[in-house]
Amino acid sequence: ATAPESHTFEADVAKLLHLMVHSVYSDKDVFLRELISNAADACEKLRYEAIATPALLGDDPKARITLLIDAENRRLIIEDNGIGMSRDEMVEALGTIARSGTKAFMDRIQAAQGGEGAQLIGQFGVGFYSAFMVADRVDVVSRQAGSDEAILWSSDGKGSYTIGTADTVNAPVRGTRVTLHLMEDATSYTERYTLERIVKEQSGHVPVPIAILEKPGAEPQEIADGAALWMRPRSEITAEEYTDFYRSVAGQFDEPALTVHFRAEGRHEYTTLAFVPGAKPFDLFDPDRHGRMKLYVKRVFITDEAEILPRYLRFVRGLVDSADLPLNVSREMIQESPLLAAIKKGVTSRVLSELDKLAQNDAKAYTKVWETFGPVLKEGLYEDFERRSTLLELARFKTTASGSGWRSLKDYVGSLKENQSSIYYVTGSDIARLETSPQLEGFRARGIEVLLLPDQVDSFWVAAPIDFEGKPFKSVTQGAADLTLIPRIEGDGNSDVEAPETVAGFIAGLKATLGEAVSDVRASERLTESAVCLVAPESGMDRQLERLLARAGQ
Ligand code: ADP
Ligand code: MG
């Protein structure tokens with residue numbers, strides 16, 4: 001072995017390590033789940049590569065993860081016989097945070113105040129670096145499948161790491177060995193029952209068996225059998241098992257808000273296990289974020305880039321396991337497969353119908369889902385024409401009549417006023433300001449409900465030619481609202497209307513004064529308190545969309 005080279009972490013990594021090690025977050029157990037899930041990923045990547053290149057498996061075809069306790073030296077070793085890492089991959093994967101998810105996470109942590117930052121760490125997995133919550137030195141020896149070179153990466157997690165070739169005699173034949181030199185207060189991780197408990201709680205359902213060695217040289221004993229949870233019948237799976245599985249696939253620590261588990265049979269056979277998270281992932285609006293559904297074929301992990309669900313369902317975590325797709329298909333070919341297209345369609349519809357079921361059966365739980373992911377789901381209103389009506393039914397709104405609750409469009413249409421034939425909305429950037437908009441006065445005077453749309457996405461979907469149960473959506477700021485047909489609520493104290501001639505004279509005066517600055521001046525039916533308001537012409541752009549486009553430099 002040559003002398004190792006020394007490198008420093010990217011600045012952000014050093015900060016993240018510091019934050020994690022000094023975080024008040026107490027559940028340090030999660031480091032084990034992170035390392036086991038990396039080991040399982042590595043085994044699954046190898047399983048996939050070996051379909052095309054069976055020689056990679058050598059004479060050791062069975063995937064395994066081993067935990068080795070070395071209490072005497074206060075060490076815990078996590079080893080897998082997966083795909084391993086080359087030197088460049090180790091530098092890239094363990095020494096930088098170039099990956100978009102981690103970057104977004106760091107930005108959130110830095111924006112958050114001290115205590116909240118620590119809480120965020122508790123809420124989301126931070127992968128490999130969590131090892132430094134319990135270890136003051138971490139050594140990683142890795143040998144890529146098919147390579148005869150082993151690489152040693154080593155760090156104390158305080159800002160720098162070394163990397164060099166490792167002595168192959170003691171290196172794994174294939175895969176990765178992570179050695180944790182445990183901190184003084186982390187000796188419990190050299191107790192078998194502690195490790196077994198954590199594995200059972202957090203990683204019992206990873207699709208690779210896990211064995212434990214109580215000391216160097218001892219016999220390995222299996223503590224998890226690597227059976228895929230999703231292949232078991234629903235009736236035999238407990239809520240805790242689902243939650244643990246969700247946490248291990250999602251790298252989140254919350255409870256799933258909705259679990260969707262079903263097997264499709266008939267023309268296409270596949271199993272889906274998908275979760276709607278209870279909390280918002282930190283990178284939900286990161287433009288680089290892609291879907292998080294994994295694709296398996298007969299329990300072999302194929303890719304997490306199949307984009308099984310449309311973008312507006314990008315918060316859903318989980319997997320699809322197909323019995324029909326050919327195992328030896330390349331990742332690129334899979335994208336084109338009509339079979340995958342059928343699966344995408346089936347899974348998308350099912351997730352939406354389960355959301356609808358939740359809305360029917362547990363309005364409170366559904367409201368929470370909507371509060372967390374509504375703005376993302378609304379993207380589907382203009383992206384997924386085919387499912388627009390389903391999505392409109394799932395949508396919930398703050399309105400002039402909703403109070404602290406939420407209204408569905410069914411609720412809205414159920415309380416239309418006499419002669420009202422449109423669904424009225426107002427867009428803006430915050431509910432409180434929308435509620436006091438002078439544009440609403442004439443609607444209030446008539447008891448007409450108006451949707452208050454505060455999200456950026458709202459300006460886009462309302463611009464599409466949309467209706468709900470035959471009622472078109474109409475902006476209150478667009479042109480002269482057809483309010484004359486709808487009677488005012490009696491006794492609202494605003495019935496002292498000016499004579500038409502007086503109004504006409506006044507308008508002519510205004511037009512002369514304002515000149516080119518406006519295209520028209522009209523008497524309005526929609527104001528009761530305020531003297532004037534600005535409106536866009538009937539055929540023109542909605543004012544909020546206009547503002548958004550102006551800001552984007554259009
Ligand atoms: P993530 O798993 O979300 O990608 P991690 O911080 O857990 O983030 O791991 C970073 C990367 O390091 C992984 O994506 C993988 O490329 C590499 N890696 C970590 N552990 C292993 C391992 N045991 N075998 C192979 N590669 C690994
Ligand atoms: Mg990981």
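**Ligand shell, sheet and helix packing in the predicted model**

Helix H2 contributes 4 residues to the shell around ligand 1, the largest share. The model is predicted. The shell around ligand 1 holds 14 residues, of which Asn38, Ala42, Ala93, Gly127 and Phe128 come nearest. Two elements each give two or more residues to this shell: helix H2 (30-52) and helix H3 (87-95). By class, the shell comprises 7 nonpolar, 5 polar and 2 charged residues.

The protein as a whole has 554 residues, and 37% of them are buried. It contains 18 helices and 19 strands. Among contacts with a separation of 6 or more, 72% link residues 24 or more positions apart.

An open sheet is built from 9 strands. Their order is S1-S6-S5-S4-S7-S3-S2-S8-S9, and the pairing is mixed. Strand S1 (5-8) and strand S9 (221-224) stand at the edges. Each has a single partner strand, so one side of each is left without a neighbour in the sheet. From one strand to the next, the twist averages 20°. Helix H2 packs on this sheet. The helix touches strand S2 (65-70), strand S3 (75-80), strand S7 (175-182) and strand S8 (210-213). The direction of H2 makes about 20° with that of S3. H2 thus appears in two settings: H2 gives residues to the shell around ligand 1, and H2 packs on the sheet.

Strands of a sheet pair through backbone hydrogen bonds, either parallel or antiparallel. Both senses occur here, as the pairing is mixed. Strands S2 and S3 run antiparallel and are joined by 6 bridges. Within this pair, aspartate 70 has arginine 75 of S3 as its bridge partner. The two strands form a hairpin, with 4 residues between them. In the turn, arginine 74 has a positive phi of about 50°. A second antiparallel pair is S5 (residues 151-155) with S6 (residues 160-165), joined by 5 bridges. In this pair, isoleucine 151 stands opposite threonine 165 in S6.

Strand S2 also pairs with S8, in the parallel sense, over 4 bridges. Here the bridge partner of leucine 68 is leucine 213 in S8. Leucine 213 has 18 other C-beta atoms within 10 Å. A residue counts as buried with 20 or more such atoms and as exposed with 12 or fewer, so leucine 213 is partly exposed. Beyond its neighbours within four places in sequence, leucine 213 is in contact with Thr66, Leu68, Ile69, Ala218 and Pro220. Leu68 is thus both a contact and the bridge partner of leucine 213. Isoleucine 302 lies 89 residues from leucine 213 in sequence. Their C-alpha atoms are 31 Å apart in space.

Two packed helices are described by the angle between their axes and the distance between the axes. The axes of helix H6 (residues 192-203) and helix H7 (residues 239-250) come within 7 Å. They cross at roughly 85°. Angles of 65 to 115 degrees count as roughly perpendicular, and H6 and H7 are therefore roughly perpendicular to each other. On the H6 side, the contact is made by Glu201, Gln202 and Ser203. On the H7 side, Asp244, Arg247 and Ser248 take part. By class, the contact of H6 with H7 has 3 polar and 3 charged residues, with no nonpolar residues.

How values were computed. Residues are numbered from 1 along each chain as its sequence is written. Chains are lettered from A and ligands numbered from 1 in the order in which they are written. This is a predicted model: local features need pLDDT of at least 70, side-chain atom pairs count only at pLDDT 80 or more; totals for chains, interfaces and linings use all residues. A residue is near a molecule or strand if its C-beta atom, placed from the backbone, lies within 6 Å of it. Ala, Val, Leu, Ile, Met, Phe, Trp, Tyr, Cys and Pro count as nonpolar, Asp, Glu, Lys and Arg as charged, and the others, Gly among them, as polar. Two strands pair if DSSP finds at least two bridges between them. Axes are lines fitted to C-alpha atoms, for helices over the stretch in contact, and angles run from 0 to 180 degrees between N-to-C directions. Two residues are in contact if their C-beta atoms, placed from the backbone, lie within 7 Å. Angles under 35 degrees count as roughly parallel, over 145 as roughly antiparallel, 65 to 115 as roughly perpendicular and the rest as oblique.
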